[in-house]
Amino acid sequence: MIYAIVITPVKNSIETTLDTARAIAASSVPVKHVIFNDFSTEETKLKLKEEQAEFGYELIHIEDLTDHPSPNYKLVLQMAQKMGLEENLPVLVIESDVVVKPDTIESLLEFQESHPKSGLVGSVTVDEQGVVNFPYLKFKGVKESVISTHRSLSFCCTLFSLPFLKAFDFTELDEAKDWYDTFISKKSIELDFENYVLMDSPVWHRPHASRPWKQLKYTNPLKYYFLKFWKGLDKI
């Protein structure tokens, strides 16, 4: 018996991706882990195939489904929603720069089950030393173990409850955007669900390891904003 559909969108960054897959495979509850390979290099594709048997994930190559250039988060979310509804299971996004603990998924599922009005339930992100980091710096220093929030949740490690998946059709997501964290967080609240961040269930996050060009925001902000606005990357 599986308890959730876990999805991981992947664009290269094979070492961090395998760290993510290894951690999910060690989860205390059985899940169906699906990696969506979004136009990675041939080397990455080969490595994902080689490691599939060891870590037990399903592998879907987006290039077999569309010629739309990466990122294809909308398509990934739509496919994940379809899987969740067909199997009557919640969907958990764990991105390829995140490492969960063995009990992380179980903690998220137990919290969601005990809070039936929850729409999104996310784990706070921390660095290797356990200090809260991006994208949850806004909650750094918070003492509560659970935060009910109207602010947007990151999809680093976030559970979409089954009732929310039934309430909002992801085909309505804006084609012009690349990422949907903010929009879906707001939509959950609009539909009278509640969003939570679990401060006592942290996950290790290596910011932007899955999208290295975004490191330019800190090392070369002029080039970062050129890519963001002139080339239209990273639309949220």
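In strand S2 (32-37), valine 34 is the bridge partner of isoleucine 7, a residue of strand S1 (5-10). The model is predicted, with local features requiring pLDDT of at least 70 and side-chain atom pairs counted only at pLDDT 80 or more, while totals for chains, interfaces and linings use all residues. Residues are numbered from 1 along each chain as its sequence is written, and side-chain values use heavy atoms, without hydrogens and water.

S1 and S2 run parallel and are joined by six bridges; strands pair if DSSP finds at least two bridges between them. From S1 the chain crosses through helix H1 (residues 14-25) to S2 in a right-handed β-α-β crossover (clockwise from the first strand over the helix to the second, with the strands pointing away from the viewer). S1 is also parallel to S4, with three bridges, and isoleucine 5 has valine 91 of S4 as its bridge partner. Ile5, Ile7 and Pro9 point one way from S1, Val6, Thr8 and Val10 the other way, and all are buried (under 20% relative accessible area, 1.4 Å probe, protein chains only).

The largest nonpolar core (buried Ala, Val, Leu, Ile, Met, Phe, Trp, Tyr and Cys residues joined through side-chain atoms within 4.5 Å) has 37 residues, of which Phe36, Leu77, Phe170 and Ile184 touch the most other members. S1, S2 and helix H3 (73-87) are among the elements that each supply at least two residues of this core. H3 gives the largest share, six residues. Apart from this core lies another, of 22 residues, including Ile24 and Phe111.

Key
Buried < 20%, exposed > 50% of the residue type's maximum accessible area, 1.4 Å probe, protein only. Helix = DSSP H or I, 4+ residues; strand = E, 2+ residues; numbered from the N terminus.
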